[in-house]
Amino acid sequence: TDLASIQFRMLNRGKGPAVWAPRSQCDRALYRKAVRNLVESKRGVTLVEGTVRRLLFASGDARVTGVETMSGVRLYAHSVVITTGTFLHGRIHIGMDSQVSGGRAGEEATTHLAEQIASVGITSARFKTGTPPRIDGTTVDRSVLVRQESELEDFHYEWSAFWEPARRREAVPHQARTSRILRPLEQVPCWITYAGASTKEIVATHLKESAMYGGAIGARGPRYCPSIEDKILRFPDAERHQVFLEPEGLDTSEMYVNGLSTSLPAAVQLQMLRSVPGLGNVEMTRPGYAIEYDYYPPTQLFPWLEVRAIAGLFFAGQINGTTGYEEAGAQGVVAGLNAALRATAREPVTLGRETSYIGVLVDDLVARGVDEPYRLFTSRSEFRLTVRQDNALRRLSGAGLALGLYDDDERRAIARRVTDVDRVQHLAHETQARADQVDAQLVAAGTAPLAHTVRVAELAKRQGVSLGALFTSTGVTEELSRDALVTVELELKYAGYFVKERYRADRLRRMGEYALPHDAPYELMRTLSMESRQKLAALKPLSLAQAASVPGVSPADLQNLILEIERSRP
């Protein structure tokens with residue numbers, strides 16, 4: 001992302017900082033190139049291109065030993081990670097009459113592998129998703145659109161600050177240290193328009209021609225990324241629906257029409273597009289489509305994303321019933337780390353709900369399962385005040401350090417970030433503020449002036465009072481990290497909430513440390529409710545925390561579960 005970002009924005013800034021979310025629009029071609037270059041630059045990595053026909057298994061043992069490609073090449077491995085996206089038995093729909101096998105437009109579906117996985121007893125199901133049409137940006141009338149600029153400079157692209165040592169060095173050759181080149185790319189705007197009454201009328205008139213509503217597709221789609229057909233039916237009173245025109249890259253005029261995902265016939269899609277303000281004379285370069293595909297209910301996985309029934313086999317991404325790039329990337333981190341750990345005979349790593357959104361995502365998948373394509377939202381976390389984007393490095397770098405994932409520059413960057421936060425916290429608690437220094441600022445923020453000298457840390461708790469401005473007013477001339485100021489200010493303002501949230505997080509962590517036997521006889525535990533017995537027997541949680549997240553398992557059931565487990569121990 002650092003090497004391909006052409007627009008950056010911080011989402012949800014109209015809400016509290018607990019739900020701020022950085023979003024980057026990437027140049028698709030540069031992103032693909034950056035990924036390949038990064039992978040090729042890693043020692044010990046070999047890239048082999050081909051289509052996998054089947055998995056290889058140990059004779060008489062439920063253990064994967066590698067893969068075989070369509071050309072007959074066999075690649076042996078201790079671990080295999082499958083990240084097939086929408087390719088397993090994928091079927092593309094454009095209208096009612098155009099149906100083709102495919103995992104993505106122009107690319108064949110995967111059938112042999114899907115059939116083999118089904119044959120070894122792993123349960124599968126079907127989901128659908130969709131994509132919007134692409135358009136020629138040179139045919140767009142931007143004069144009637146709302147321009148949305150990049151905020152890269154406003155935020156200094158702070159997640160790249162992890163690589164700060166590289167900024168102070170002369171840029172090295174691309175092949176030598178790809179991950180260190182952080183020269184920002186040209187930033188481009190996105191554009192906002194709306195699908196209004198005329199668009200709604202076109203969609204409603206042709207609704208029966210849509211693959212999703214004409215009966216060609218029976219699978220469930222994502223509730224939170226609805227097609228334009230879904231929007232028209234589910235929100236009939238909405239006067240208009242927002243549409244974002246997003247550039248595909250710096251070397252192309254093609255634009256992605258975010259907000260108009262559809263499976264209408266191509267001719268109707270063009271008519272629909274031309275009903276949108278600014279798109280009256282637009283040319284469509286690629287139609288949108290819906291796609292059905294196989295996924296495997298993720299309750300069949302361990303919390304480290306290994307298939308319970310087959311040792312060494314890992315699933316990540318849409319194959320687990322999720323939708324969205326972020327969700328796929330998060331699972332790739334977990335499955336990739338743990339596949340490597342298994343291959344080197346080390347214990348798996350899991351991230352709890354209290355540590356990260358990755359932990360929430362994985363726990364939701366393996367403990368609760370999915371009945372529609374899963375998207376991760378801040379509202380799914382009980383700990384969203386403490387798993388903010390500004391403190392991600394401090395929260396999660398400990399896991400990376402323990403695994404030996406960082407080089408010397410990275411370890412120094414982590415240490416510097418921790419030191420910066422500690423320094424700002426120290427200054428906030430040690431610096432005294434007098435009335436003559438800060439009263440003007442306090443009154444401007446709508447809060448009471450000082451009656452006596454107060455520490456800056458206390459004043460920063462007041463709504464609308466800036467920690468950075470307080471330091472300036474009280475004569476602190478030391479140059480302080482912007483990231484550290486943001487983190488410490490939030491910690492001070494929400495201190496009372498953090499105490500409660502971290503108490504709950506500690507409690508969940510302790511529950512996570514209470515292991516449950518994988519073969520616990522839940523059906524025989526008469527002190528548990530019938531619903532709990534059935535659900536626990538089906539899901540086979542590995543810890544008390546996992547059991548607690550299963551819908552229908554009450555606090556009383558958890559207490560009784562502990563008693564049952566302790567009673568059964570030898």
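Biologist: Let's start with charge. How many positive and negative side chains does the protein chain have?
Modeller: In this predicted model, the protein chain carries 70 positive side chains and 68 negative ones.

Biologist: And how far apart do the centres of the two sets lie?
Modeller: They are 3 Å apart.

Biologist: Okay, overall build next. How many helices and strands are there?
Modeller: The protein chain has 19 of each: 19 helices and 19 strands.

Biologist: What does the radius of gyration tell us about the protein chain?
Modeller: A compact globule of 570 residues would have a radius near 25 Å, and the protein chain has 26 Å, so the two agree. If you like box dimensions, the C-alpha trace spans about 75 × 75 × 55 Å along its principal axes.

Biologist: What share of the residues counts as buried?
Modeller: That would be 46% of the 570 residues. As for the surface, the protein chain exposes about 28500 Å², with carbon and sulfur atoms supplying 52% of that area.

Biologist: What about contacts between residues 24 or more positions apart?
Modeller: Such pairs make up 68% of the contacts with a separation of 6 or more in the protein chain.

Biologist: Let's zoom in. Where is threonine 86?
Modeller: Threonine 86 sits in the loop between β6 (80-82) and β7 (91-94).

Biologist: Is that threonine 86 buried or exposed, and why?
Modeller: Threonine 86 counts as buried because its relative accessibility is 10%, and the cut-off for buried is under 20%.

Biologist: What does the side chain of threonine 86 reach?
Modeller: It reaches the backbone oxygen of glycine 103, at 2.6 Å. Leaving out residues up to four places away in sequence, threonine 86 also touches several others, including Thr129, Ile291 and Tyr293.

Biologist: Switching to serine 71: buried or exposed?
Modeller: Serine 71 counts as exposed, at 64% relative accessibility. You'll find serine 71 in the loop between β4 (64-69) and β5 (74-76).

Biologist: Which side chain does the side chain of serine 71 make a polar contact with?
Modeller: With the side chain of threonine 69, at 2.9 Å. Serine 71 and glycine 50 are 21 residues apart along the chain, and their C-alpha atoms are separated by 7.9 Å.

Biologist: Last one, alanine 520. Where does it lie?
Modeller: Alanine 520 is in the loop between α16 (495-513) and α17 (530-539). At 10% relative accessibility, alanine 520 counts as buried.

Biologist: What is alanine 520 in contact with, leaving aside neighbours within four places in sequence?
Modeller: Met525 and Ile565. Alanine 433, on the other hand, is 60 Å from alanine 520, C-alpha to C-alpha, with their positions 87 residues apart in sequence.

Terms used. Residues numbered from 1 in each chain as written. Predicted model: local features only at pLDDT ≥ 70, side-chain atom pairs only at ≥ 80, totals over all residues. Heavy atoms only, no water. Helix = DSSP H or I, 4+ residues; strand = E, 2+ residues; numbered from the N terminus. Rg over C-alpha atoms; globule rule 2.2 N^0.38 Å. Buried < 20%, exposed > 50% of the residue type's maximum accessible area, 1.4 Å probe, protein only. Contact = heavy atoms within 4.5 Å. Areas by Shrake-Rupley, 256 points an atom, 1.4 Å probe, with all protein chains shown as cover. Lys, Arg positive; Asp, Glu negative; His and termini not counted. Charge placed at Lys NZ, Arg CZ, Asp CG, Glu CD. Polar contact = N/O pair within 3.5 Å; in protein donor to acceptor, adjacent residues only side chain to side chain.
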